[in-house]
Amino acid sequence: MKRKEYAWAYLFISAPIVGFLLFAFIPLSYSVYVSFTEYSGYQAPVFTGTNNYAKLALHDELFWKTLFNTFYSALSIPIGMVVALGIAMSLNQKVRGIRFFRTMFFLPTISSVIALTLLWKWIFNDSYGLLNYLLELIGIQGPAWLSSETWAMPAMIIQGVWAGLGINMVLYLAALQGVPKSFHEAAEIDGASGWQRFVKITIPCISPTTLYILITSTITALQDFPRFQIMTEGGPNYSTTTIVYYLFQNAFRYMSMGYASAMAWALGLLILAITLLNFWLSKRWVHYE
Amino acid sequence: MRLGKGKSLLAVTASLTLLAGMTACGGNNGKEPSAGADSTAKSTAKSSASGSQAPGGDPVKIKFAGWGDPSEKEVFTKLIKDFEAKNPTIKVEYLHIPADYVGKMNTILAGGDAPDVFYVPDGDFGRWVSQGLLHPIQEFVDSSSIDTGDMWESGLLRYRYDGAVNGKGPLYALPKDIGPTVLYYNKEIFTKMNVPFPSADTPMTFEQLLDTAKKLTVEENGKIKQYGMGPIWWEGFVFGNGGAFLSDDRREFVGNGEAAVAALQFAADLANVHKVVPNAAALKDMNDSQMFQTGRLAMMITGRWMVPEFRKLGFDWDVAPLPVNKWAGWSGSVGIGIYSKTKQIEAAYKLVEYLGGPEGQKEQSLMGFAIPSFKSMAATEVFLQPGQKPEHAEVFINAAENQVPGPWTNLPNAKWFDMLSQGLAPMWDGKKSAADVLNGLKPKIDAAIKEGNPAIFK
């Protein structure tokens with residue numbers, strides 16, 4: 001009787017496991033193998049040892065440039081978190097029409113990436129764009145955002161901050177509402193100022209959310225590329241080619257699936273290392289109740 | 001005990017799955033022979049081309065994939081219906097891929113079960129043909145009714161492959177269309193500013209272009225309200241000045257030669273020094289055709305494919321040769337090819353012949369997007385479409401005669417070209433001279449040619 005139950009149990013458990021093996025584990029393992037081969041994606045792979053990894057580390061300037069670009073673009077994470085928290089705090093109040101404002105700020109999150117990037121292309125247009133028009137009103141001559149090697153990445157960071165705002169804001173809003181009122185009341189009685197209460201009570205109480213946002217946005221940022229493909233095509237002069245964009249080009253445009261797999265694994269290990277580091281560091285600043 | 005049992009069951013499931021996965025991979029690897037298939041395919045092509053019709057009885061089914069806007073889809077649906085009526089033994093399944101066609105086809109082709117006939121953009125032809133994904137069609141073409149002597153040489157050229165480079169050797173696809181690039185101009189702006197229209201017979205020289213563009217540029221309070229000329233399609237400028245990008249054997253980058261450097265420097269100066277062209281690298285910032293449509297550009301370069309869109313414009317416009325000293329430039333094209341592993345080669349070729357042949361070309365030309373593949377047809381009302389813009393449609397005919405495929409189609413691996421177009425940025429910004437930029441790029445581009453295209457160095 002019992003045996004039979006176990007059999008059934010394992011049968012049910014096997015569904016997700018089979019799914020994982022079939023659609024994640026086996027392809028992943030295969031890509032490890034492919035990363036040690038010369039593989040066009042159409043013909044059978046030819047084993048070449050560690051050639052791909054050696055090329056990656058030693059002979060490909062573009063790999064390092066795109067890696068740098070990726071971390072540069074990740075500047076949008078700290079900036080985005082600060083802005084999202086600021087907006088969440090101002091939306092965490094009992095004002096008329098608060099739902100309307102919350103909806104407004106969340107709207108970009110549910111819109112299509114393509115539509116948004118096309119919109120931002122217009123905002124960044126140097127002669128007729130909204131951004132340069134506003135800058136001109138305060139007497140600043142704005143740059144040719146997307147076609148300047150210097151300004152293309154800052155433009156993409158601004159766009160990235162804006163695009164990630166909605167979801168981070170909602171997460172912070174939920175966290176802020178979970179901060180016990182009694183803490184604030186007690187501190188107020190003891191004479192703590194608003195700033196003190198924010199630093200000593202609010203920030204520690206929402207720190208698990210901060211960690212969650214940090215880790216998920218780091219992973220997303222390191223894998224980001226569709227908006228770069230649409231807005232700048234990686235240019236000018238590769239200044240906005242991120243590592244995943246370069247990987248994509250190698251895999252599907254230059255027929256170097258093997259090399260692209262090596263790149264993917266290098267990136268994967270890097271993301272793993274950063275995430276572990278984040279967890280380890282988090283012990284010092286994240287407080288769980 | 002319990003745990004042990006659980007483990008073994010898991011192990012069984014796991015190993016079963018692994019086995020399934022391995023057989024799947026094995027099946028995948030089975031597609032390997034297609035590389036060597038060229039020679040065998042050729043011989044089968046020969047035997048079957050001269051051979052018999054598909055045997056009677058059940059109709060043969062083939063799949064056909066392409067993209068295109070709704071009007072193109074409509075035309076192809078109609079063409080296929082007509083094709084089926086003329087070939088009752090063949091049924092065609094039309095697979096319309098509206099977005100990211102190349103990305104999706106890459107996946108389908110890698111999976112090893114692609115449609116029998118599909119669109120092959122000339123920029124992707126080299127990659128696909130070098131991977132043995134296309135069936136040679138030279139012998140079919142030779143023994144069929146298609147008159148290649150009446151077709152644009154440059155339209156056919158780009159679908160040839162000799163095992164190392166594109167542009168030589170047997171045919172692997174027929175052009176579905178070919179789109180020459182020309183100069184479009186807003187006639188109303190010219191009339192208003194009292195500037196004579198550009199000639200439809202003789203291309204402007206660089207000096208004449210600069211002169212005309214200066215007259216058409218309007219500045220107000222230090223801000224340019226109207227540009228004389230649109231963003232420069234620089235590849236054509238290099239060709240027009242007698243320059244080239246690759247050596248004849250395609251092994252070397254020669255874009256740092258004198259003629260190419262001078263042409264590119266002129267193109268950059270149009271924006272940076274003379275300020276008659278919007279920020280030259282700014283093609284991406286604002287679509288140039290949108291600027292043209294809103295009257296902010298007096299002249300612009302683009303291909304034949306913009307004609308249906310521009311016909312909706314409220315102002316009068318016309319076309320002139322590319323202003324690059326002589327008849328030159330590049331034309332875009334999409335081909336129709338056959339999957340190398342098709343089981344219905346004869347039926348597949350029949351469809352290619354029909355779509356690339358006179359009947360298919362006529363219907364497509366009427367849409368206005370492209371010039372027909374056949375010279376004799378281009379000279380008729382089918383293409384010239386009197387009464388419709390542009391008035392001087394024959395400019396496209398001259399352009400098709402003289403223009404070459406884009407340089408990115410020259411080698412199977414186009415990384416060298418990406419490096420070139422990305423690397424020109426400091427020149428467009430006016431930070432470096434064309435000579436410095438191109439000389440600096442040469443060793444890197446040479447390395448990319450060599451690494452990406454080993455077949456030409458054998």
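These are my notebook entries on two chains of a predicted model.

**Entry 1: membrane spans in chain A**

I began with the UniProt record for chain A. Its unreviewed entry lists residues 7–30, 71–91, 103–123, 151–174 and 262–281 under "transmembrane region". I then looked up how two of these spans are built in the model. Residues 71–91 of chain A are 90% helix and 0% strand, and their end C-alpha atoms are 31 Å apart. For residues 103–123 of chain A I again noted 90% helix and 0% strand, with 22 Å between the end C-alpha atoms.

**Entry 2: a helix pair in chain A**

Next I turned to helix α3 (residues 61–73) and helix α8 (residues 152–177) of chain A. At what angle do their axes cross? I found roughly 45 degrees, with the axes coming within 9 Å. The two helices, α3(A) and α8(A), are therefore oblique to each other.

I also wrote down who meets whom. From α3(A) come Asn69(A), Tyr72(A) and Ser73(A). From α8(A) they are met by Met153(A), Met156(A), Ile157(A) and Gly160(A). By class, this contact of α3(A) with α8(A) has 4 nonpolar residues, 3 polar and no charged.

**Entry 3: two domains in chain B**

Moving to chain B, I noted that each domain is assembled from two stretches of sequence: 55–179 + 332–404 for domain 1, and 181–331 + 406–457 for domain 2. Their C-alpha centres lie 28 Å apart. How many residues of each domain take part in the contact? My entry reads 35 from domain 1 of chain B and 29 from domain 2 of chain B.

On the side of domain 1 that touches domain 2, the elements of chain B giving two or more residues are α5 (122–130), β5 (166–171), β6 (173–186), β11 (330–338) and α18 (394–402). That side of domain 1 of chain B divides into 14 nonpolar, 16 polar and 5 charged residues.

**Entry 4: strands around β8 in chain B**

Last, I followed strand β8 (residues 223–229) of chain B to its partners. Does strand β7 (residues 218–220) of chain B run parallel or antiparallel to β8(B)? I have them down as antiparallel, joined by 3 bridges. One of the pairings I checked is Val218(B), whose bridge partner in β8(B) is Gln226(B). The two strands, β7(B) and β8(B), form a hairpin with 2 residues between them. In the turn, Asn221(B) has a positive phi of about 50 degrees.

Strand β9 (residues 297–303) of chain B pairs with β8(B) in the parallel sense, over 2 bridges. Here I found Met229(B) standing opposite Met299(B) in β9(B).

Technical notes:
Residues are numbered from 1 along each chain as its sequence is written. Chains are lettered from A and ligands numbered from 1 in the order in which they are written. This is a predicted model: local features need pLDDT of at least 70, side-chain atom pairs count only at pLDDT 80 or more; totals for chains, interfaces and linings use all residues. Axes are lines fitted to C-alpha atoms, for helices over the stretch in contact, and angles run from 0 to 180 degrees between N-to-C directions. Helices (H or I, at least four residues) and strands (E, at least two) are DSSP runs, numbered from the N terminus. Angles under 35 degrees count as roughly parallel, over 145 as roughly antiparallel, 65 to 115 as roughly perpendicular and the rest as oblique. Two residues are in contact if their C-beta atoms, placed from the backbone, lie within 7 Å. Ala, Val, Leu, Ile, Met, Phe, Trp, Tyr, Cys and Pro count as nonpolar, Asp, Glu, Lys and Arg as charged, and the others, Gly among them, as polar. UniProt positions are given in the numbering used here, feature names are shortened, and annotations may be inferred rather than shown by experiment. Domain bounds come from an automatic or database domain assignment. Two strands pair if DSSP finds at least two bridges between them.
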